Structure formats: structure tokens, C-alpha cells
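Student: Please take a close look at a single part of this structure for me. I would like the packing of one helix pair across two chains, and then what surrounds that pair.

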Amino acid sequence: MRMGMNMGVNMGVNMGQSQANDFTGTGGEGDQFLTFILAGEEYGVDILRVQEIRGWTKTTSIPNAPHYLRGVINLRGTIVPIIDLRERFGMPSLEYGATTVVIVVRAQGLKRDRIMGIVVDAVSEVYSLRAADLQPPPDLGNVIDEQFLQGLATVDEKMVILLDIDRLLNAGALEAEQVLE
Amino acid sequence: MTKILAVDDSNSLRQMVAFTLKQSGYEVVEAVNGTDGLQKARATQVDLVLTDVNMPGMDGITLVRELRSLPTYRFTPILVLTTEAGTEKKQEGRAAGATGWLVKPFSPDQLLATVKRVLG
Amino acid sequence: MSIDISQFIQTFLEESFEGLDSMESLLLSLTSDDSESINAIFRAAHSIKGGAGTFGFSEVARFTHGVETLLDEARAGRRAVTTEMIALLLESVDCIHAMLEAARDGSPVDAARIATIGAAIEASLRTVDHVMLDSKTVDSKVLDTQLPEAAANSHAAAQGPHGWRIVFIPEQDVMRSGNDPLRLIAALRELGVLQVACNTSALPPFEDLNAEDCYLSWEMTLLGEVNREAILEIFEWVEGQCELIVEPLSASAEVVDEMVDEVPHGDNNSAQACPNQSLQASGSEPPSLSVSASASSSAKPAARNRADNGSIRVNTDKIDALINMVGELVITQSMLSQMGSHLQTGDINYCIEGLLEGLAQLERNTRELQENVMSIRMLPISFAFNRFPRMIHDLSASLGKQLKLKLSGEHTELDKNVLEKITDPLVHLVRNAVDHGIESPDVRLAAGKPAVGTVHLNAYHKGGNIVIEITDDGAGLNRQRILAKAVERRLIPAGQSITDEQIHDLIFAAGFSTAEVVSDVSGRGVGMDVVRKNIKALGGSVEVQSRDGLGSTFIIRLPLTLSIMDGQLIGVSGESYVIPLISIVESLQVREDSVKSVASRGMVYRLRDEYIPVLFLHELLGIRSPDTKQLTESLLVVVEADGQRAALVVDDLLGQQQVVIKALETNFKKVGGLSGATILGDGTVALILDVSGLISLSRQITGPARSIHPEENKAA
């Protein structure tokens with residue numbers, strides 16, 4: 001099931017849907033997840049939501065925004081907010097360095113889809129998981145709100161925590177207001 | 001390549017005509033009214049003219065008459081696009097020198113059949 | 001071949017809506033002898049019908065057909081243009097609009113109304129207009145419509161038994177209509193087995209022969225189960241330009257055979273106008289000319305997506321200008337690259353000069369290109385104004401007021417986005433002007449004014465803005481009534497004296513209406529606050545001027561475009577921000593003795609005779625590590641919005657440039673104090689400050705709620 005592909009060093013690889021499909025060959029059915037490391041734990045997001053992976057670049061701070069919103073960057077002409085996941089989950093923050101990675105994802109919301117970047121420690125693997133492989137999320141105490149978890153999966157004896165990126169990026173201060181149109 | 005001039009002030013119809021013809025391998029020149037059509041017909045010799053009748057500025061009948069007076073368009077097939085109510089228009093078109101007509105509304109298939117009929 | 005024509009439906013809908021708009025405005029100004037307008041209205045209906053039929057909107061086509069016929073009769077002078085007819089046509093325009101909208105959005109239509117109007121059109125079509133009746137036109141009409149029909153009926157019965165004898169004698173000039181006998185014969189060949197005999201007896205001697213004339217005639221036998229109509233259809237286009245005999249074969253089969261024998265072969269002269277391939281033709285393919293009726297069903301309005309994909313129609317002149325400019329840009333680029341290659345080999349000084357010149361040219365090209373690209377989005381405000389003649393017409397009827405609408409500056413252009421968003425506020429203001437402003441005719445007469453009230457819409461460019469004025473010559477704002485209402489609503493304390501401006505400001509307050517009778521038109525008090533909110537959201541402002549008994553004027557100021565503006569780049573605590581140049585009054589060095597502290601609530605700056613509140617940007621923007629200079633080392637940028645001034649404390653003025661505005665809402669959300677962001681030359685993002693947003697932010701902070709940002713409090 002594991003498809004041995006270390007994405008951590010593949011900075012700037014475009015992870016558009018067409019390329020994500022390249023991985024389906026050996027995995028059989030099931031959804032694919034891109035995993036990343038955050039404070040020693042492995043988290044996963046639906047790979048269809050991943051637009052690209054890039055290195056950390058300086059952001060422009062947004063006034064009066066929550067601390068985990070690092071600011072915005074210029075992503076080929078559009079303004080994209082960058083969210084520090086460690087800070088979002090209240091983990092100790094890490095100095096940004098050459099290995100710091102931003103995963104650009106498309107978060108679907110009730111009102112509209114938005115492109116956002118999440119800062120993680122490193123990108124790990126791509127896994128193919130069937131619904132049957134997933135376990136309901138356990139209570140992780142206060143670390144991560146249960147509503148942001150899609151489930152848990154065990155891969156090669158390791159636990160992978162699958163995030164519900166839509167809920168996570170539409171909650172609280174990140175919630176989109178009514179569309180103006 | 002066979003070149004066809006499509007003259008219609010309605011963008012949607014003109015685009016439909018142009019698209020249909022291009023799909024079948026014809027080269028299409030588009031014009032939005034008679035004046036534009038005449039200008040384009042002068043600029044490039046086309047093998048067939050399809051023109052709407054009711055257009056602002058120069059109408060289709062006048063366009064036919066003008067084209068026929070050009071030495072290079074004396075024998076070029078010219079079809080007018082009329083509606084079913086336009087019997088008078090058909091006669092008028094023919095009097096002006098039109099080759100024939102195509103009755104609106106027409107489907108892409110009907111258009112192609114008629115074009116084939118005049119171009120062979 | 002199957003061609004998906006649904007892709008053109010969007011275009012069809014757009015042009016139909018435009019056509020309906022122009023029908024409406026022409027109808028509203030129509031007089032009976034204005035044949036040009038009637039023609040234009042007819043053309044619009046005609047186009048909609050044609051397109052509707054083609055793209056599968058058969059209901060629309062059927063409905064519009066009646067409208068078109070009515071207009072055709074009017075245009076031909078067979079029907080008088082009456083006010084009843086105009087009213088009916090206006091109703092029809094609404095119906096067609098509704099039907100097309102329904103087709104686009106899949107929304108329900110008011111079928112009853114459409115049926116009623118449709119029936120009314122049918123009814124008026126049946127009533128022959130006796131006044132206009134003219135025996136000649138009626139005769140020709142009868143001839144035109146009945147003859148072909150009668151002919152068709154008799155043909156329909158005559159089914160081909162075994163085959164047909166066809167004699168085709170075209171007139172000499174047949175080819176000058178573009179009809180080629182060869183094609184007609186080729187078409188016949190597709191119907192069945194065809195034998196052709198060419199009669200060259202009419203050929204003149206060679207020296208008299210005109211190569212452009214046709215001297216030949218043909219006698220043919222067509223074998224097979226062929227419908228007579230199918231044959232006639234082939235000759236349809238040359239009807240009247242030829243003698244044509246089509247008769248069943250049985251009677252004359254032998255005669256034909258003889259004739260074939262008699263045909264002289266190998267006449268060289270005939271080659272010019274005669275099909276010079278084998279005349280012994282046999283039909284091989286099944287008839288493919290039969291017109292298939294089912295084909296049009298493919299045109300079902302499948303594209304029922306909510307249709308406004310935000311497309312825009314652009315004048316070809318504008319596109320040509322763009323192409324020219326891109327051409328110039330290419331020339332500049334090649335000049336620059338030439339200079340670049342010279343740099344390695346040639347005279348450095350010469351190259352530098354050339355490069356500088358090239359850069360200047362590039363800058364000019366870029367600016368021109370930018371201006372022209374922007375102009376693509378610019379549309380004349382007449383798109384918004386066009387709806388008002390109808391509205392005034394309808395309001396006049398429903399309110400029992402006599403109204404006149406005056407439009408000026410309709411050609412003033414503004415950005416499509418701004419245009420779309422300003423239309424609703426304009427509608428509101430015009431309704432208000434008519435409902436609240438203009439008095440009823442008797443009141444007006446009593447006041448010594450003309451019975452007919454005038455609403456004037458005017459638009460013009462001023463600076464980088466478009467100004468739209470809505471003026472009425474009604475009673476003006478009623479100061480007493482507004483004041484009383486405001487006190488009643490507890491918007492202001494009783495007995496307080498307030499200025500005219502404050503009075504005028506009150507009418508924009510939420511839920512404020514002074515209408516004594518709530519009418520359908522306005523007066524529910526929802527509106528003016530929304531109007532102001534919408535205009536503000538566009539970066540504009542609205543104000544009102546009023547003179548008692550003489551009327552009032554609403555003045556809207558809007559930016560020409562929402563996507564580009566002139567900005568002043570500033571530095572605050574190491575970050576760059578953009579202030580819209582339009583809101584900057586002046587920039588100045590801080591004079592220490594001009595800064596005053598006001599009751600620990602903040603600071604003011606004395607500028608000449610005015611005290612202006614000082615806003616510390618780093619504080620308002622919540623910059624986390626304030627690397628703030630002493631106030632005296634800072635600069636003040638005096639800004640103005642909504643008639644209020646403020647002095648922004650900044651570290652540096654970094655330069656002015658045009659910036660392309662990017663919405664923060666696209667991927668995030670609206671942020672207080674910001675109107676968007678832009679991308680600087682180095683690729684980084686700079687935030688654009690929203691001056692009026694900053695002023696209201698400062699009120700929240702300097703008010704009692706200051707504890708929201710405790711740490712910044714200390715810093716300040």
C-alpha cells in the first residue's frame with residue numbers, strides 16, 4: 001500500500017490533479033492522501049485538494065488576524081493566505097528554515113472554494129487508503145478539535161491522522177464571509 | 001480551401017454558422033452587417049456568401065445587389081438567410097441576384113446540406 | 001456530422017437581452033411616423049425569433065413570431081402604431097425577457113401572463129387595420145402566401161410512380177444569380193438514376209457567344225421512387241429563371257429515348273457552359289437532401305448553467321488598437337534585445353543610450369497597453385440609464401404623476417463591474433426622486449411649477465472618478481419632517497440643532513423613511529442605507545443637495561474602475577502599504593508643537609486652523625513588533641474619506657505607482673481597514689489601506705473598548 005515516495009525533498013513539485021492521478025496505478029481503489037510531519041506526528045490530507053508544494057517564502061502580515069495566520073503571499077498573481085498548522089493546533093512553533101514546507105490546498109467552503117497554504121515541518125508520503133482502513137477519530141484531548149479530523153489510519157505500523165481540511169480552514173477566524181456578489 | 005463569407009448581425013447565429021462550416025473544413029470570414037460584408041468580400045475573394053436579410057446599416061438584399069455589381073462576384077453563389085414568413089424577401093433577394101436561400105431556423109445539418117448543394 | 005450548438009446559447013441570450021433592451025427604449029420613444037425606429041424594433045424581434053428557433057427555444061420563437069408579425073405590419077404601413085399597441089409590445093418584451101431568463105436559469109415563468117399577452121397579440125393580429133387597408137398590399141399578400149401553399153398541396157398528392165421526365169430550359173442569364181445548371185443536375189443525380197440529354201440547338205455562332213450566358217437546355221429522365229416535391233425543391237432557386245417541366249415518366253418515356261439519340265455529341269463550344277463530364281449519369285446514393293426535421297432537436301437548451309459567465313462584448317476597434325499596441329511592444333522588445341547583444345561587442349555608451357531610449361519606449365507601450373486593456377472593460381453608462389425611460393413611464397402611470405426624464409452624459413464610460421453594481425442603487429434613487437421628490441400635478445400647479453415633473457440623470461468624468469447626478473425638480477427634502485422623524489426614532493436628541501449636512505446624512509440612516517404613505521414604490525425605509533452601503537462598497541460616495549421647493553440632487557462619485565488605482569507606497573514598521581492617492585490631502589513633517597493630546601483619548605494635529613485626529617498606523621494595523629520611530633521623526637499623511645480627515649503616522653513615503661487591486665476575499669476574507677492587496681515589482685504583497693475603514697477602526701480602539709489590544713495600548 002505504501003508507495004515510497006519521499007515528497008519532503010521535492011520542493012516546488014506541482015501536485016495538480018493530473019499528476020496525482022499518476023499514483024493510482026499501483027494503489028488499487030481508495031482515496032489518496034498526502035502526508036506530512038508536524039511535531040513528530042504524521043498527518044494526511046486528501047491529495048485531490050493539494051494544488052502544489054512549495055518552500056517557505058516571506059509573507060505579508062494581515063492586520064489584526066489570528067496568530068496562526070502568518071500572512072499572505074503572491075501565488076502567481078493571486079493573494080493566498082498562509083496558515084501555520086503548528087500554531088493552529090497550539091503546538092510549539094518552529095523556526096522557519098530551508099526545509100519548512102507550504103502545502104497549497106483548495107478548501108471547499110459553503111460559500112466558495114479558497115486556495116490556502118499550510119505550513120508543515122516536512123512532506124512525507126502518498127498513501128492510498130480505503131474507507132475500511134479508516135478508524136473514527138479518537139479523543140485526542142485538547143490538541144486538535146475532533147471536528148477537524150477525518151479519521152485515523154494505520155500504515156506500516158504507523159498512525160496517520162487524516163485532517164478534514166475543509167472544516168479546518170473554514171473554522172473560526174478563517175471562515176469566509178458572505179460572497180459580495 | 002473553400003472560403004465562405006457569413007454575414008449576420010446576430011452574433012450567436014453567425015458564430016453557429018461559422019463554427020459549423022469550420023468544423024466541415026471550410027474557411028469562414030465573418031461580417032456583422034452588409035457594409036462589413038461588402039468590405040470583407042472586396043478584401044478577399046470568397047467562394048460563397050451567406051447573408052442575413054434584416055441587418056442594421058446595409059441590409060442583406062442591398063449587399064447581394066452590391067456584390068453582383070462587382071466583377072469578381074458576378075457568378076459567386078450567394079444565399080440569403082430568411083425566415084419562413086419571408087416570401088417577399090426571397091423574391092427580393094432573387095431580384096437582387098441571390099442564388100438561393102436558406103430558411104431560418106435551420107440546423108447545422110441543413111446548413112451543410114445547402115452549402116454542399118451550391119459548392120458541390 | 002453532429003454539431004453541438006448549445007455553446008452559442010450564451011451569446012444568443014446576451015444579444016437577445018440587449019435586443020430586448022433596445023426594443024424597450026425604442027418603444028418608449030416611438031412615434032407613429034418613425035419608420036427607422038419601427039424597423040430597428042422589428043429587426044431586434046426578428047433576430048430573437050431566428051435565434052430562438054435555431055437554438056431550440058421554440059416557445060420563445062413562437063411568441064416572438066406574433067410580435068414580429070405585428071411589427072412587420074406596422075413597418076410595412078399596414079398597421080397604425082397606437083399607444084395600445086406600444087403598451088402591448090412593451091408587455092411582450094417583458095414576457096420574452098422572462099421566458100429567456102427562465103430558459104437560462106431554469107426558473108419558472110408566469111405562464112398565465114405569457115398566455116394572456118400571447119392571446120392579445122393574436123387578437124390584434126386578427127383585427128385588420130381598416131384605416132390602413134390598401135387593396136394592393138392585401139392582394140399581393142394573398143398571392144404570396146396562398147399560391148405556394150396551394151401548389152404544395154397538389155404536389156404532395158403526386159407521388160412519383162416510376163420516374164420523371166424533366167425538361168429544364170434556363171434563361172440565358174441564370175448563372176448571374178450564382179446558380180450553376182451543373183449543380184442542379186448533380187443534385188438531381190442524387191435522387192435516382194438520371195439520364196441527361198443536353199440540347200445545344202440554341203447555341204449562337206462562336207463569334208456571338210457570350211461566355212457568361214447559358215444557351216443550353218436539358219431534357220432528363222429520373223428513374224426511381226422520387227417525390228415530385230424533392231425535384232421541385234432542387235429547382236426552387238431558379239424558379240422564374242427557367243422553363244421547367246416535371247411530368248410522370250410513363251406517358252413520355254419513348255419520346256425521351258428518341259431525344260437522347262438526337263443529341264449532338266462532342267460540340268466544343270458547349271464545353272464552356274455545359275457539364276463536360278459523362279452525361280450518362282446514374283444516381284448511387286440515397287436521397288440525402290431530404291430536410292431532416294429532427295436535427296433541430298439537438299439544440300435543446302442544454303446549457304442551463306446560470307448564464308452570466310461574465311463575458312463582455314468588445315468593439316472590434318478596441319481589439320484592433322490592442323493588436324497594434326502589441327505590435328509596437330514587439331518592436332520595442334526586438335530593439336531592446338538588439339541593444340542587449342550590442343552590449344557585448346559594441347560601444348557601451350551608445351548601447352546605454354539605446355537601452356534607456358528603449359526602456360522609455362517600453363514604459364510608454366506598457367502604459368498605453370494598460371490603458372487600452374482597461375478600456376475593454378469600460379462600458380457607457382447608457383447601459384444603466386436605458387432602463388429608466390421604461391421605469392418612469394410605468395411609475396408615472398402607477399403614481400398618477402406627470403413625469404419627464406432627461407438623460408445626459410449617457411456615453412460616459414465606466415468599468416463593467418462598477419456599472420453592474422451601481423444599477424440597483426440608481427434605480428432606488430430614481431424611484432425615491434419620483435416618489436418623495438416630485439409632487440402630484442395639482443400640488444405642483446398650486447406651487448406655480450409646471451405640472452410635469454422632471455428627473456434628470458447626468459453622468460460625467462471628473463478626475464479619476466465618474467460622477468452621476470440624479471436631480472428632481474420636486475419639493476426638496478423636508479427638513480422639519482426629517483428632523484421630527486429622527487427625534488421620534490431617537491436618532492438624535494430632541495431640541496438639538498443640527499446642520500443641513502447632518503439632516504441630509506439622516507436620510508441614509510438604516511430604517512429611515514419619511515414617507516407618510518408607504519407606497520409600492522418606496523417608503524419602506526429599506527433602501528437609502530443600502531444605497532449608501534453599496535456605493536461605499538464600490539469605493540464611492542453619495543451626497544445630497546436640496547433646496548426647499550426646488551428639488552434635490554443626489555451626487556454619486558465612483559471610481560472609474562475597481563481594478564487599478566494610483567497609490568502612494570508608505571513604510572510602517574518595516575512593512576509596505578499602499579494608500580489610495582485619491583484620498584490623500586497632503587503629506588507633512590510633524591511639527592512637535594502642533595501635536596496635542598486630547599483627554600487621553602488620542603492625539604490631534606493642528607493643521608492651519610483645523611484639528612485633525614492622529615492615527616498611529618502600526619497600532620491600528622496591530623503590527624506585532626512595533627519598530628516605531630519617535631513621532632517627530634515620522635511623517636504625517638493627511639487623508640480624507642466621507643468628509644472626515646485624519647493624519648496617518650507613517651515612517652516613510654516610498655513613492656507613487658499604479659497598483660492592480662487584488663481582492664483579499666478571493667482566498668481569505670475582508671479585513672477591516674484594508675480594501676485589498678497588490679503585488680509590488682519584486683513580487684511581494686503590499687496591503688492597500690481603506691481610509692474610511694481605518695477611521696472607523698480608530699473609533700473602536702480609542703473608544704472605551706480600547707482593551708481589545710492591551711499590549712498595543714501600552715506601546716501607544
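Tutor: Start with the helix pair. Helix α1(B) packs against helix α2 (residues 35-54) of chain C at an angle of about 40 degrees, and their axes are 9 Å apart. An angle of about 40 degrees is neither under 35 nor within 65 to 115 degrees, so α1(B) and α2(C) are oblique to each other. Keep in mind that this is a predicted model.

Now the residues. From α1(B) come S12(B), L13(B) and M16(B). They meet G50(C), G51(C) and T54(C) of α2(C). By class, this helix contact has 2 nonpolar and 4 polar residues, with no charged ones.

Step back to the whole contact between chains B and C. Chain B puts in 38 residues and chain C puts in 35. Five elements of chain B supply at least two residues each: α1 (11-23), β4, α4 (87-96), β5 and α5 (108-119). Of these, α1(B) gives the largest share, 8 residues. On the side of chain B that touches chain C, 14 residues are nonpolar, 17 polar and 7 charged. Charged residues thus appear on that side of chain B, whereas the contact of α1(B) with α2(C) has none.

Two of the contributors, β4 and β5 of chain B, also belong to a sheet. It is an open sheet of 5 strands in chain B, with parallel pairing and the order β2-β1-β3-β4-β5. The edges are β2 (27-31) and β5 (100-104) of chain B; each has a single partner strand, so one side of each is left without a neighbour in the sheet. From one strand to the next, the twist averages 20 degrees.

Look inside that sheet. Strands β1 (residues 3-7) and β3 (residues 48-52) of chain B pair in the parallel sense over 4 bridges. One pair of bridge partners is V7(B) and T51(B), the latter in β3(B). Helix α3 (residues 60-68) of chain B lies across β1, β3 and β4 (78-83) of chain B. Helix α3 runs at about 155 degrees to β3(B).

Next, the cores. The largest nonpolar core has 85 residues, and I103(A), L615(C) and L648(C) touch the most other members. Strand β6 (residues 101-108) of chain A provides the largest share of this core, 6 residues. Leaving aside neighbours within four places in sequence, I103(A) is in contact with F36(A), V50(A), I53(A), G117(A), I118(A), V120(A) and V123(A). Apart from that core lies another, of 70 residues. Among its members are L5(B), M16(B), A31(B) and F12(C). M16(B) brings us back to the helix pair, as one of the α1(B) residues that meet α2(C).

Chain A has its own contact with chain C. Here 20 residues of chain A are in contact with 22 residues of chain C. The elements of chain A that give two or more residues are β4 (69-75), β5 (78-84) and β7 (113-120). β5(A) gives the most, with 4 residues. The side of chain A that touches chain C divides into 11 nonpolar, 6 polar and 3 charged residues.

Last, chain A as a whole. It holds 4 helices and 10 strands. Of its 181 residues, 36% count as buried. Among contacts in chain A between residues at least 6 apart in sequence, 59% join residues at least 24 apart.

Key:
Residues numbered from 1 in each chain as written. Chains lettered and ligands numbered in written order. Predicted model: local features only at pLDDT ≥ 70, side-chain atom pairs only at ≥ 80, totals over all residues. Pairing = 2+ DSSP bridges. Axes fitted to C-alpha atoms, helices over the stretch in contact; angles between N-to-C directions. Contact = placed C-beta atoms within 7 Å. Nonpolar A, V, L, I, M, F, W, Y, C, P; charged D, E, K, R; others polar. Core = buried A, V, L, I, M, F, W, Y, C linked by C-beta atoms within 7 Å. Buried ≥ 20, exposed ≤ 12 C-beta atoms within 10 Å, placed from the backbone. Parallel < 35°, antiparallel > 145°, perpendicular 65-115°, else oblique.
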